[in-house]
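Colleague: I am new to this structure and would like a short tour. May I put some questions to you?

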Amino acid sequence: MENKISNCKKCGAPTENQFELVTLKTMVDRGFRKNKYYQAMGDIIHTAICDDCIDEFIAKSSNSSKQILKLSLLSLIVFIGCIVLFLVVPITAFRVFCAIIAGITVLAFLQEFNNIKKQAKEINNKNEKENRNTLAVKLLSKLLPDRHNDAELAYVDAYLIKKGDLNILAKEYGFSYKKLVQIKNFLKEGKDNQQLDDDANHQVK
Ligand SMILES: [Zn+2]
């Protein structure tokens with residue numbers, strides 16, 4: 001890939017930060033008893049995102065205190081509501097119900113709190129270039145459609161399919177490892193002559 005200029009998907013500014021994304025499609029066949037899931041490769045998308053938009057997104061994603069404050073307020077309101085109802089309504093069954101809801105609220109709060117902390121830590125831990133690429137793909141995924149007809153869509157950096165750990169990708173995207181191997185083989189076919197260019201342009205380790 002030569003370094004040509006494209007327009008940023010978000011703000012339209014000219015940029016050299018181009019990405020090749022592979023669309024992952026997951027279709028659900030809602031059955032009477034059990035849902036069946038079909039996964040397939042969708043379109044290959046060439047898109048771009050500028051440095052300013054990535055910077056803005058990184059600043060927002062690594063700021064965990066705001067997210068935690070919002071979560072704390074919401075959990076507190078539900079928790080206090082349960083306690084008040086517990087004290088006011090003298091019906092045992094209802095009290096048990098309130099206690100269960102209060103307990104679930106606390107557990108959900110702790111889990112979400114850990115998730116936010118973990119995400120912020122991951123963002124701060126990764127080296128800056130790796131970070132930028134991951135978050136740029138995340139941001140682009142938000143800008144691209146997340147559904148097409150019956151299929152749920154996700155987007156993965158084609159470079160990661162070619163060079164990354166497919167086991168990790170499969171877990172991260174909830175996508176079939178076997179299908180990812182097929183996509184990798186598909187991407188590699190006839191693309192070997194581009195390999196050197198790709199390596200030169202891409203920053204992920
Ligand atoms: Zn932009």
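Colleague: To begin with the strands, in which sense do β3 and β4 pair, and over how many bridges?

Modeller: Please note that this is a predicted model. Strand β3, residues 18-30, pairs with β4 in the antiparallel sense, over 12 bridges. Within β4, glutamine 39 is the residue that threonine 26 stands opposite.

Colleague: What is the order of the strands in the open sheet?

Modeller: The order is β4-β3-β6-β5, an open sheet of 4 strands with antiparallel pairing. Its edge strands are β4 (35-48) and β5 (147-148), each of which pairs on one side only.

Colleague: And which strands does α4 touch?

Modeller: Helix α4 packs on the sheet and touches β3, β4 and β6 (151-157). The direction of α4 makes about 155° with that of β6.

Colleague: Turning to the helices, at what angle do the axes of α1 and α4 cross?

Modeller: They cross at roughly 95°, and the axes come within 10 Å. The helices concerned are α1, residues 51-61, and α4, residues 128-143. The crossing angle therefore makes α1 roughly perpendicular to α4.

Colleague: Which residues meet there?

Modeller: From α1 there are Cys53, Ile54, Phe57, Ile58 and Ser61, and they meet Arg132, Leu135, Ala136 and Leu139 of α4. The residues of this contact divide into 7 nonpolar, 1 polar and 1 charged.

Colleague: A different topic: into which domains is the protein divided?

Modeller: Domain 1 covers 6-57 + 129-201, and domain 2 covers 64-125.

Colleague: How many Å separate their centres?

Modeller: Taken over C-alpha atoms, the centres of domain 1 and domain 2 are separated by 34 Å.

Methods. Residues are numbered from 1 along each chain as its sequence is written. This is a predicted model: local features need pLDDT of at least 70, side-chain atom pairs count only at pLDDT 80 or more; totals for chains, interfaces and linings use all residues. Axes are lines fitted to C-alpha atoms, for helices over the stretch in contact, and angles run from 0 to 180 degrees between N-to-C directions. Helices (H or I, at least four residues) and strands (E, at least two) are DSSP runs, numbered from the N terminus. Angles under 35 degrees count as roughly parallel, over 145 as roughly antiparallel, 65 to 115 as roughly perpendicular and the rest as oblique. Two residues are in contact if their C-beta atoms, placed from the backbone, lie within 7 Å. Ala, Val, Leu, Ile, Met, Phe, Trp, Tyr, Cys and Pro count as nonpolar, Asp, Glu, Lys and Arg as charged, and the others, Gly among them, as polar. Domain bounds come from an automatic or database domain assignment. Two strands pair if DSSP finds at least two bridges between them.
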